[in-house]
Protein chains: 2
Amino acid sequence: MNEFELIQAYFSTLASKGVGKGVELGIGDDCAILTPPANSQLVVSTDTLIAGVHFPDSTSAFDIGFKSLAVNLSDLAAMGASPLWFTLCITLPDRNTQWVEGFCNGMAELIQQTGIQLVGGDTTKGPLSISIHVTGAVPVGEALTRHGACVGDDVYVSGVIGHGAAGLEMVLSDFEAPDGSRFDEYLLDALQRFNRPQPRLALGQALRGIATSCIDISDGLLADLQHVLSASEVGARLVLESVPLSDAVMAGCLFGDKSERENRLLACNAGDDYELCFTAPENKRESVDALAAEQIVTLTRIGSVVEGASIVEKGGEELVGLGYQHF
Amino acid sequence: MNEFELIQAYFSTLASKGVGKGVELGIGDDCAILTPPANSQLVVSTDTLIAGVHFPDSTSAFDIGFKSLAVNLSDLAAMGASPLWFTLCITLPDRNTQWVEGFCNGMAELIQQTGIQLVGGDTTKGPLSISIHVTGAVPVGEALTRHGACVGDDVYVSGVIGHGAAGLEMVLSDFEAPDGSRFDEYLLDALQRFNRPQPRLALGQALRGIATSCIDISDGLLADLQHVLSASEVGARLVLESVPLSDAVMAGCLFGDKSERENRLLACNAGDDYELCFTAPENKRESVDALAAEQIVTLTRIGSVVEGASIVEKGGEELVGLGYQHF
């Protein structure tokens with residue numbers, strides 16, 4: 001089976017059916033031909049995932065397929081956009097069709113959930129890596145950005161923080177609880193969320209007109225909030241104890257003999273949560289609460305925007321976001 | 001220097017200045033925000049280049065930067081599109097800033113030539129690989145595709161064929177002519193064109209309304225023409241001797257002791273030429289000739305579209321395009 005047949009057999013099953021997304025010509029030509037939606041702006045983002053860096057080598061093909069699309073969709077969510085199209089560049093070490101089938105199944109699940117259309121790609125040979133480019137649409141002028149946070153705004157985070165840290169720790173510790181016991185359900189839940197993060201698309205879209213700034217948490221809550229603050233030229237005062245943590249982090253057993261505060265800081269400095277961190281004016285508190293109830297998602301106020309450039313705690317102590325350093 | 005500083009220092013120099021291409025927000029947020037041009041469709045394509053596969057390991061950083069954007073722009077050319085935006089995913093083995101600077105300089109040259117805007121990207125660590133996603137615009141309904149070739153159409157190729165084959169052979173033979181002599185100028189010209197292919201953007205755009213189908217030659221003339229024929233459900237009769245070959249191939253010295261026909265077949269089966277192969281009705285011959293004169297580009301009629309499914313020579317012998325097989 002050669003490259004073209006491999007693409008034909010598997011990736012074609014993922015390809016756009018062109019349903020209602022302006023896809024005039026999908027996979028199979030030099031380019032796809034796409035009609036952009038009326039009265040909209042496009043938002044685009046691209047992310048590469050490398051085996052052993054962005055996911056552990058032991059990750060299943062299904063989870064790699066799911067996660068590589070999910071982290072890109074999360075960027076669309078952070079802009080308040082609706083997903084339109086994506087392209088997939090995949091570098092494969094060999095023609096392991098069983099692996100490709102699993103990968104496609106994982107990706108297909110998220111395609112079905114979100115309606116995003118695969119419109120192009122490239123398959124090459126080499127060490128496993130996946131680069132995805134996503135395009136979404138927002139009504140003209142309504143995209144959420146990092147640069148709109150104002151002094152006095154509340155700072156919110158969706159869901160809970162720490163699935164990324166706990167899930168990674170579980171994989172690195174080889175699925176073995178420190179006391180040798182079977183994992184509790186909440187630990188398996190953390191692992192599931194680490195491998196199959198759910199992009200907060202509906203939340204992001206609903207935050208248009210409410211949030212003044214928004215970012216998805218991929219590098220760690222503190223590092224990503226710092227990106228917002230730098231872009232908006234403001235600071236933030238956080239109540240670290242108010243950051244909602246995943247049960248796995250609260251249990252603390254995955255991080256050895258650390259204090260709750262240390263666990264909390266680890267979780268806030270770990271990546272791969274894909275929750276949204278956003279700011280909104282005080283007078284939007286009711287809207288935020290209503291949205292949380294409507295979407296059955298926890299939206300927690302964890303601090304407020306202040307003058308300055310950094311993240312401080314109540315007493316004024318600085319909290320530094322480390323983020324992930326590639327080099 | 002960490003990842004963000006590296007991006008800041010070098011890749012930011014390439015970033016969109018937003019001049020006249022609808023770039024509302026470029027690099028630096030979760031997504032770029034883009035306003036698509038009115039009355040246009042978008043065409044998108046993506047290609048990955050891997051060191052040692054798509055370019056020899058010895059290729060200079062400048063040439064890698066130039067070529068990786070050029071091969072993507074060539075896909076836009078094949079659709080008759082004008083370049084708008086691109087994103088760049090680059091995986092680097094280390095933070096060799098001198099290499100990154102060279103790479104950016106090569107890419108900058110083509111950005112300046114074509115006006116395409118860099119609007120996003122991702123920098124990761126690993127074996128060198130580059131994935132680029134390009135977006136272009138065409139007036140609604142005017143994109144060139146692979147599926148419009150009709151029986152009776154002429155088959156054309158732009159420029160000359162074989163720079164790709166000759167350039168690669170030169171690199172693989174370690175820049176050493178078989179007789180030990182210094183290379184002639186035409187061989188250095190082939191190498192230059194192999195490393196810095198010029199995407200046929202102006203030609204592609206001018207072919208709208210003239211060509212019935214079009215493709216860029218990346219996998220080899222015969223393989224790429226076969227893609228057009230398959231998509232159009234037709235065959236082609238070629239006059240192999242009429243295919244214009246590069247001086248380097250005509251000299252034959254790079255391919256050892258082969259006949260002219262063997263050299264010709266090698267060149268037609270080798271990739272990396274990035275010329276356009278297109279079909280046009282007989283009654284457009286004057287338009288094609290006028291276009292060739294206007295753009296000072298050789299456009300050679302190499303055969304015609306016939307009923308069938310494959311490429312045959314005058315006598316009916318089948319010509320099989322091998323293309324490049326990744327697996």
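Visitor: Which residues in α2(A) meet which residues in α3(A)?

Guide: Happy to start there, with the reminder that this is a predicted model. On the α2(A) side, the residues are A:Ala61, A:Phe62, A:Asp63, A:Ile64, A:Gly65, A:Phe66, A:Leu69, A:Ala70 and A:Leu73. Facing them in α3(A) are A:Trp99, A:Gly102, A:Phe103, A:Cys104, A:Asn105, A:Gly106, A:Met107, A:Glu109, A:Leu110 and A:Thr114. By class, the residues of this contact divide into twelve nonpolar, five polar and two charged.

Visitor: What makes α2(A) oblique to α3(A)?

Guide: Look at the angle. Helix α2 (residues 61–78) of chain A and helix α3 (residues 97–114) of chain A have axes that cross at roughly 40° and come within 6 Å. Angles under 35 degrees would count as roughly parallel, and 65 to 115 as roughly perpendicular. The value of roughly 40° belongs to neither class, so α2(A) is oblique to α3(A).

Visitor: Is the crossing of α2(A) and α3(A) left-handed or right-handed?

Guide: The crossing of these two helices is right-handed.

Visitor: How do you know that α2(B) and α3(B) are oblique to each other?

Guide: By the same kind of reasoning. In chain B, α2(B) and helix α3 (residues 97–114) pack at an angle of about 40°, and their axes are 6 Å apart. Angles under 35 degrees count as roughly parallel and those from 65 to 115 as roughly perpendicular, so with about 40° the pair is oblique. The crossing of α2(B) and α3(B) is right-handed, and their contact has twelve nonpolar, five polar and two charged residues.

Visitor: Why does B:Ala61 count as partly exposed?

Guide: B:Ala61 has 19 C-beta neighbours inside 10 Å. A buried residue needs 20 or more, and an exposed one has 12 or fewer. B:Ala61 therefore falls in between, as partly exposed. Its place is in helix α2 (residues 61–78) of chain B. Leaving aside neighbours within four places in sequence, B:Ala61 is in contact with B:Trp99, B:Gly102, B:Phe103 and B:Gly106.

Visitor: How do you know that A:Tyr274 is buried?

Guide: Count its surroundings: A:Tyr274 has 26 other C-beta atoms within 10 Å. The cut-off is 20 or more, so A:Tyr274 is buried. This residue lies in the loop between α9 (260–268) and β10 (276–280) of chain A. Its phi is positive, about 55°, although A:Tyr274 is not a glycine.

Visitor: And what makes B:Asp272 buried?

Guide: B:Asp272 has 24 other C-beta atoms within 10 Å. Set against the cut-off of 20 or more, that count makes B:Asp272 buried. You will find B:Asp272 in the loop between α9 (260–269) and β10 (276–280) of chain B. Phi of B:Asp272 is near 70°, a positive value in a residue other than glycine.

Visitor: Why is chain A called as compact as a globular protein of that length?

Guide: The radius of gyration of chain A is 20 Å, and the globule rule gives 20 Å for 327 residues, so the description fits. Chain A has ten helices and 13 strands, and buried residues make up 54% of its 327 residues.

Visitor: How many residues of chain A are in contact with chain B?

Guide: In chain A, 51 residues are in contact with 52 residues of chain B. Strand β3 (residues 40–50) of chain A gives the largest share of the chain A side, nine residues. That side divides into 21 nonpolar, 19 polar and eleven charged residues.

Methods
Residues numbered from 1 in each chain as written. Chains lettered and ligands numbered in written order. Predicted model: local features only at pLDDT ≥ 70, side-chain atom pairs only at ≥ 80, totals over all residues. Axes fitted to C-alpha atoms, helices over the stretch in contact; angles between N-to-C directions. Helix = DSSP H or I, 4+ residues; strand = E, 2+ residues; numbered from the N terminus. Parallel < 35°, antiparallel > 145°, perpendicular 65-115°, else oblique. Left-handed = near helix turned anticlockwise from the far one by under 90°. Contact = placed C-beta atoms within 7 Å. Nonpolar A, V, L, I, M, F, W, Y, C, P; charged D, E, K, R; others polar. Rg over C-alpha atoms; globule rule 2.2 N^0.38 Å.
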